[in-house]
Amino acid sequence: MKKPSRIAAIAQWPQCALTHILARILPRILACMLICLLTGILAGLLPGMPACIPAFPLTMAQAAEPAKYVHIVVALCDNKNQGIVPVPAKIGNGFDPDANLYWGAMYGVRTFFKKQPEWHLDNLVKDKNALPDKVLERAVFTHKNQRVIIVADAYQGDAMYTAIEDFYASASGSGIKNLEAVAQWPHLASKEGGGPEAAPELTVFVGHNGLMDFIFSFSRPEPPKSTATQGKRQAAVLACQSRSYFAKPLALTGATPILLTNGNMAPEAYSVHALITAWLAGKKGPALKEEVAAAYHKYQKCGLKAARNLFSTPE
């Protein structure tokens, strides 16, 4: 039998190599697809498990736990309706969430968290009928490897009083308003400590310190509807001089203030992100403040010592 020429043999190498690679890899690809399919089906059948598989899958123990809620109340920056040093008109329009300094701009809550690898934007609600009064947008983020849900609300710039009122109500354990509008996934389903009437374990206010502009009347709230977060509720206020203005009313809510400020600041999302990250890691007091101060100095270049002095935590 005549042997194939050297040229013909060489021409067959790519085909042989491809066949060899497919023979070894294809079964593995099919196996992975089958595992993903079965996991997806299982996730949809088991209560408390997400119907979609997160980038960093939850353990069975994590999936069985009630969801932990964080509520971020953002008072949109507004040159016309707030007693602030004016910022450029585009980012200081309190009725334009997409460009606003504290929401859609580079370091706004919606934009900044959307870019963080550990958070996933599950839903962006713009339908006025599905939102609380004076809220222009609601962004819902879920953590990719923990059962933690952030509900961030963007309040129109002329609704500072309402934003502060809702912040205190949320910190009091009254629950997040209109949460049923985002509770459409199995991992947001009603459960003790989770669901449409869930009270957040952490409530954060972001924006101008409106209490500098008006007198706020706050009375001791009624007992919360759910006891799931009793003794767990915590709050933070990222606004200028918040310790002097927000601390006493917060004492009436039953929430523990974990971060306030001693001076003027830029309440942008890198500080909020550092706060929540440290809080989820179980840090508190000086350790939590150090994380937030480091993030603030990183972006503001104000010096770490100055950043440490800016923030205040319980002794």
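I take two strands to pair if DSSP finds at least two bridges between them. With that in hand I looked up β1 and β4 in this predicted model. Strand β1, residues 68-75, pairs with strand β4, residues 148-155, in the parallel sense, and 8 bridges link them. For one position in this pairing, I noted that V74 stands opposite A154 in β4.

**Whole chain**

I counted 8 helices and 8 strands in the protein chain. The chain has 315 residues, and 45% of them are buried. I then looked at contacts between residues at least 6 apart in sequence, and found that 65% of these join residues at least 24 apart. For the accessible surface I noted about 16400 Å², with 59% of it belonging to carbon and sulfur atoms.

**The sheet**

Next I asked in what order the strands of the open sheet stand. The 8 strands run in the order β2-β3-β4-β1-β5-β6-β7-β8, and the pairing is mixed. I marked β2 (119-125) and β8 (311-312) as the edges; each has a single partner strand, so one side of each is left without a neighbour in the sheet.

**Around β3**

I went on to the neighbours of β3. On one side, β2 and β3 pair in the antiparallel sense over 6 bridges. Here V125 stands opposite R138 in β3. On the other side, β3 and β4 also run antiparallel, joined by 7 bridges. The bridge partner of A139 is A152 in β4. I traced the link from β3 to β4 as a hairpin through 4 residues.

Is β3 enclosed or open to the outside? I found 8 of its 9 residues buried, so β3 is largely enclosed by the rest of the structure.

**Helices across the sheet**

I looked up which strands helix α5, residues 242-253, lies across. They are β5 (202-206), β6 (234-238), β7 (256-261) and β8, and the helix runs at about 165 degrees to β7. Helix α6, residues 269-280, lies across β1, β2, β3 (135-143), β4, β5, β6, β7 and β8. I noted its angle to β1 as about 160 degrees.

**Cysteines**

I searched for cysteine sulfur atoms within 2.5 Å of each other, and the count came to 0 disulfides. I also checked two cysteines for exposure. C77 has 1% relative accessibility; buried means under 20%, so C77 counts as buried. C302 has 34%, which falls between the 20% and 50% cut-offs, so I entered C302 as partly exposed.

Note on methods
Residues numbered from 1 in each chain as written. Predicted model: local features only at pLDDT ≥ 70, side-chain atom pairs only at ≥ 80, totals over all residues. Heavy atoms only, no water. Helix = DSSP H or I, 4+ residues; strand = E, 2+ residues; numbered from the N terminus. Buried < 20%, exposed > 50% of the residue type's maximum accessible area, 1.4 Å probe, protein only. Contact = heavy atoms within 4.5 Å. Areas by Shrake-Rupley, 256 points an atom, 1.4 Å probe, with all protein chains shown as cover. Axes fitted to C-alpha atoms, helices over the stretch in contact; angles between N-to-C directions.
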